[in-house]
Amino acid sequence: MEIVLERIAKKNTYTIGRLYLLADGDVKRKALSGKTAGDKRSFEHTFDLKKLSKDSYFCDTLEPTWRNLNGIALKPEEVNAKYSRQSGKVARKIPGHTAIPEGSYRVLITKSPRFKEWLPYVQGVPGFEGIRIHAGNYPDDTQGCILVGENKVKGMVVNSRIWLHRLMKRIQAAENQEEGIWITII
């Protein structure tokens, strides 16, 4: 199962996204070895963007402020030096106030020491630790994690616990079919 998070609104204090669920057959996966000894492996997942449709749409997401951690080229309207959004320049991470970088990551269900419940854990995010997908409503409810829900109110998600429960059921169903669980953030 591939969870795809498409970031659609990169605001000054939060980031809104759409979460899509794709079947394993819709995704091509490739492992990339590090450039130097000791580098972590990274992963490249490709799929037809047309698969991100109303049929595969699952829910909305809320994350901290997006910063240009990968140094990618930005559209003119995305450039904002105050929020580390300079085109082609790698941004500085601000702990607790930065969304994780774009890429593909393994998702495991593990018990969260903070929340004391079983939650999706996003493994191998460079420069980040303990990234989860969990319930919450406001940007202050996340320090880098992905909150799920419905973006019906500006700057927040609602019905978060309901959507987390639904996502956990879909992940468990995929695991029962012995599928790997991945998230790709674009």
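**Exercise 1. Strand 9 and its partners**

Ile 133 has Ile 146 in strand 9 as its bridge partner. The model is a predicted one, where local features need pLDDT of at least 70, side-chain atom pairs count only at pLDDT 80 or more, and totals for chains, interfaces and linings use all residues. Residues are numbered from 1 along each chain as its sequence is written, and side-chain values use heavy atoms, with hydrogens and water left out.

Task: Establish which strands pair with strand 9, and in which sense.

Solution.
- Step 1. Fix the terms. Strands (E, at least two residues) and helices (H or I, at least four) are DSSP runs, numbered from the N terminus. Two strands pair if DSSP finds at least two bridges between them.
- Step 2. Take strand 8, residues 133–134. It pairs with strand 9 in the parallel sense, over 2 bridges.
- Step 3. Take strand 5. It runs antiparallel to strand 9 (residues 146–153), and 3 bridges join the two. Asp 60 has Gly 149 in strand 9 as its bridge partner.
- Step 4. Take strand 10, residues 156–158. It is antiparallel to strand 9, with 2 bridges. Here Glu 150 stands opposite Val 158.
- Step 5. Inspect the turn. Strands 9 and 10 form a hairpin with 2 residues between them. Gly 155 in that turn has a positive phi of about 80°.

**Exercise 2. The second largest pocket**

Task: Describe the lining of the second largest pocket, then find salt bridges among its residues.

Solution.
- Step 1. Define the space. On a 1 Å grid over the protein atoms alone, a pocket is an open set of points where a 1.4 Å probe fits, with protein on both sides within 12 Å along at least five of seven lines. Lining residues have an atom within 4 Å of a point. Grid points are joined across faces, edges and corners, and the volume is the space filled by probe spheres set on the points.
- Step 2. Read the volume. The second largest pocket holds about 220 Å³.
- Step 3. List the lining. It comprises Arg 7, Ile 8, Ala 9, Lys 10, Asn 70, Ile 72, Glu 78, Glu 102 and Ile 186.
- Step 4. Sort by class. There are 4 nonpolar, 1 polar and 4 charged residues. Ala, Val, Leu, Ile, Met, Phe, Trp, Tyr, Cys and Pro count as nonpolar; Asp, Glu, Lys and Arg as charged; the others, Gly among them, as polar.
- Step 5. Check Arg 7. It forms a salt bridge (a side-chain nitrogen of Lys or Arg within 4 Å of a carboxyl oxygen of Asp or Glu) with Glu 102, the closest N and O atoms being 3.5 Å apart. The pair links distant parts of the chain: Arg 7 is in strand 1 (residues 2–10), Glu 102 in the loop between strand 5 (57–63) and strand 6 (103–111), 95 residues apart. Both residues are buried (under 20% relative accessible area; exposed is over 50%, partly exposed in between; 1.4 Å probe, protein chains only).
- Step 6. Check Lys 10. Its side chain meets that of Glu 78 in a salt bridge, 3.8 Å from N to O. Lys 10 lies in strand 1 and Glu 78 in the loop between strands 5 and 6, so the pair ties together parts 68 residues apart in sequence. Lys 10 is partly exposed at 26% relative accessible area, and Glu 78 is partly exposed at 23%.

**Exercise 3. Salt bridges elsewhere**

Task: Give the salt-bridge total for the whole structure, then place the pair Lys 51 and Asp 26.

Solution.
- Step 1. Count. The whole structure has 7 salt bridges.
- Step 2. Take the pair. The side chains of Lys 51 and Asp 26 meet at 3.5 Å, N to O.
- Step 3. Place it. Lys 51 is in the loop between strand 4 (42–46) and strand 5; Asp 26 is in the loop between strand 2 (15–22) and strand 3 (28–32). They are 25 residues apart.
- Step 4. Check exposure. Lys 51 is partly exposed at 36%, and Asp 26 likewise at 27%.
- Step 5. Look for shared partners. Glu 2, Asp 24 and Arg 29 are joined into one network.

**Exercise 4. Positive phi outside glycine**

Task: Compare the settings of Ser 84 and Glu 178.

Solution.
- Step 1. Recall the background. Most residues other than glycine have a negative phi.
- Step 2. Take Ser 84. Its phi is near 55°. It sits in the loop between strands 5 and 6, and it is buried at 19% relative accessible area.
- Step 3. Take Glu 178. Its phi is about 60°. It lies in the loop between helix 1 (160–176) and strand 11 (182–185), and it counts as exposed at 76%.
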